[in-house]
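User: Hi! I'm new to this one and would love a friendly walk through it. Could you take my questions as they come?

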Amino acid sequence: MAETTEDLQTLPLDAWHRSKGGRMVPFAGYEMPVQYEGIMAEHLWVREHAGLFDVSHMGQLLFHGADVDRALEALLPGDLIGLKDGRLRYSMLLNEDGGILDDLMATRRGDQFYVVVNGATKADDIGQFEKRLPRTVVLDHMKEQALLALQGPEAAAVLESLVAGVSGLTFMQAALFHWNGKPLWISRSGYTGEDGFEISVAARDVEALAETLLADDRVRPIGLGARDSLRLEAGLPLYGHDLDPATTPIMADLGFAIGKRRRADGGFGGAMRILAEIENGPVQKRVGLLVDGRQPVREGAVILDSEGSEVGRITSGGHSPSLGRPIAMGYVAATLTDPGTRLTVQQRGKLFQAEVASMPFVPHRYHRKPAGAAA
Amino acid sequence: MSLYFTKEHEWIRVDGGVATVGISDHAQNALGDIVFAEVPEAGRSVRKGDDAAVVESVKAASDVYAPVSGEVTEGNAALADDPALINRDPEGDGWFFKLTLADESELQGLMDEPAYRDWVKTL
């Protein structure tokens, strides 16, 4: 973590963050706001109202060319051929052994695919795509686009007041809208477990949009600190911590992202290994942990079984503002993944008691289309 | 009664032979929302520079060092149930522990309040 200031890039909203009291820290090669008024208050605000996040560090990629869906399926294990126009799919970029190089959101956008990848991995991802996709597929890195997320139970009402029709989107659906004549690509998605939107906007227009959103009393700016605690409560893994090239989608308990047809046909990196893990179960699996007491356990802490043998590691952990207690995620041996299993965690020489818990820790409140409604 | 500060952002309030130790307002602000604190028990002897207490914010864990040597006479029991007290009143009710001074000359290397407040502005 020897990121030095001179290597860091600035976001299009850099001055805006500072003017709002953002405390800037190095993250993913950028100077980014970790908090404004405070992580706890920001976290709880998002659970009750609406929070505005600047996630312009993330990579926005556009793929086009003949059979782009089929070509991407060689790298991503999701069903992209079957993805309808204006629909999002959560997927992962896998290496040839089935290890996770990144997790991402892919959206079919007419005859193109719009893919949002993590900021810290975007350069490597682009290298992988350029190396492994056929020449017929063209990748455009949309560097001139900023990305905002508006998350929380009041997000839809806030955004609808500016962009008529946007509340008609359901979870994991996206479309092109306009605000003051400026194009906005808006999806109903996010990384908090709440209802909300992600808004791709030209970098030159992002400050005006952010300022207009923040003028609504229901909206406050939210930093990376609360983004992390919100996603942890929502049971969502963070790349580079809970996911890495040594983990597969099945180990990470992300098997939902591998559709029926892909399970039958394979044809993605590490398919043999991943299909075997689906069949027989992985050796280790990502689980949630409720930790006794008040002290958080954090990434790197060792997980022990009742005999005191190491059975895994914590990959994310911290205080849950919504639950008022420590929670964590980690990998444990597959025999220890049942909710209620008691485990011990060792951190800096101290032992903590913990219990495997089903995730999310805080229920998701996505705006899903009503069951039985036509797609 | 005199007040001293360390470069690690602890304060020491000395009254007779007893010193009360906590973290400065600057420190609590840098840590952010504090969710856990562990203070030493009465009777424990600490030497200057030892890890004496732990404080954890939403973001990270930090050690609190003993700024002077001595024997702990009391840990602040209120912090166990209300660690946010350190954010609300870091240099008052949010104190960490009290100790009897083993060597008053250890105070000589510490900053007084004006020197500390000036130094913090340069950080």
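User: What share of the contacts in chain B with a separation of 6 or more comes from residues 24 or more positions apart?
Analyst: Such residues account for 57% of those contacts in chain B, where contact means heavy atoms within 4.5 Å. Keep in mind that this is a predicted model: local features need pLDDT of at least 70, side-chain atom pairs count only at pLDDT 80 or more, and totals for chains, interfaces and linings use all residues. Residues are numbered from 1 along each chain as its sequence is written, chains are lettered from A and ligands numbered from 1 in the order in which they are written, and side-chain values use heavy atoms, with hydrogens and water left out.

User: Which helices and strands does chain B have, and in what order?
Analyst: Chain B has four helices and ten strands; helices (H or I, at least four residues) and strands (E, at least two) are DSSP runs, numbered from the N terminus. Starting at the N terminus, the order is β-β-β-α-β-β-β-β-β-α-α-β-β-α.

User: What is the radius of gyration of chain B?
Analyst: Chain B has 13 Å, which agrees with the value near 14 Å for a compact globule of 123 residues. That radius is taken over C-alpha atoms, and the globule rule is 2.2 Å times the number of residues to the power 0.38. Along the principal axes, the C-alpha atoms of chain B fill a box of roughly 35 × 35 × 20 Å.

User: How much of chain B is buried?
Analyst: Buried residues make up 49% of its 123 residues. Buried means under 20% relative accessible area, exposed over 50%, and partly exposed in between (1.4 Å probe, protein chains only).

User: Switching topic: how many residues does each chain bring to the contact?
Analyst: Chain B brings 17 residues and chain A brings 15 residues. Together the two chains bury about 1,300 Å², with 48% of it on carbon and sulfur atoms. Val35(B), Val58(B) and Lys59(B) supply 39% of the area that chain B buries against chain A, more than any other three residues. Buried area here is the accessible area (1.4 Å probe) that two parts lose on being put together, summed over both.

User: How many salt bridges are there across that interface?
Analyst: Three are found between chain B and chain A, a salt bridge being a side-chain nitrogen of Lys or Arg within 4 Å of a carboxyl oxygen of Asp or Glu. One of them, Lys350(A) with Glu38(B), has its closest N and O atoms 2.6 Å apart.

User: And over all chains?
Analyst: The whole structure has 28 salt bridges. Among them, Glu211(A) pairs with Lys20(A), the closest N and O atoms being 3.3 Å apart. Glu211(A) sits in helix α6 (residues 206-214) of chain A and Lys20(A) in the loop between α1 (14-19) and β2 (23-27), so the pair ties together parts that are 191 residues apart in sequence.

User: What about Glu73(A) and Arg262(A)?
Analyst: Their side chains meet in a salt bridge (3.5 Å, N to O). Glu73(A) is in helix α3 (residues 68-73) and Arg262(A) in helix α8 (residues 260-265) of chain A, 189 residues apart.

User: Is Glu73(A) buried or exposed?
Analyst: Glu73(A) counts as buried, at 5% relative accessibility. Arg262(A) is buried too, with a relative accessible area of 2%.
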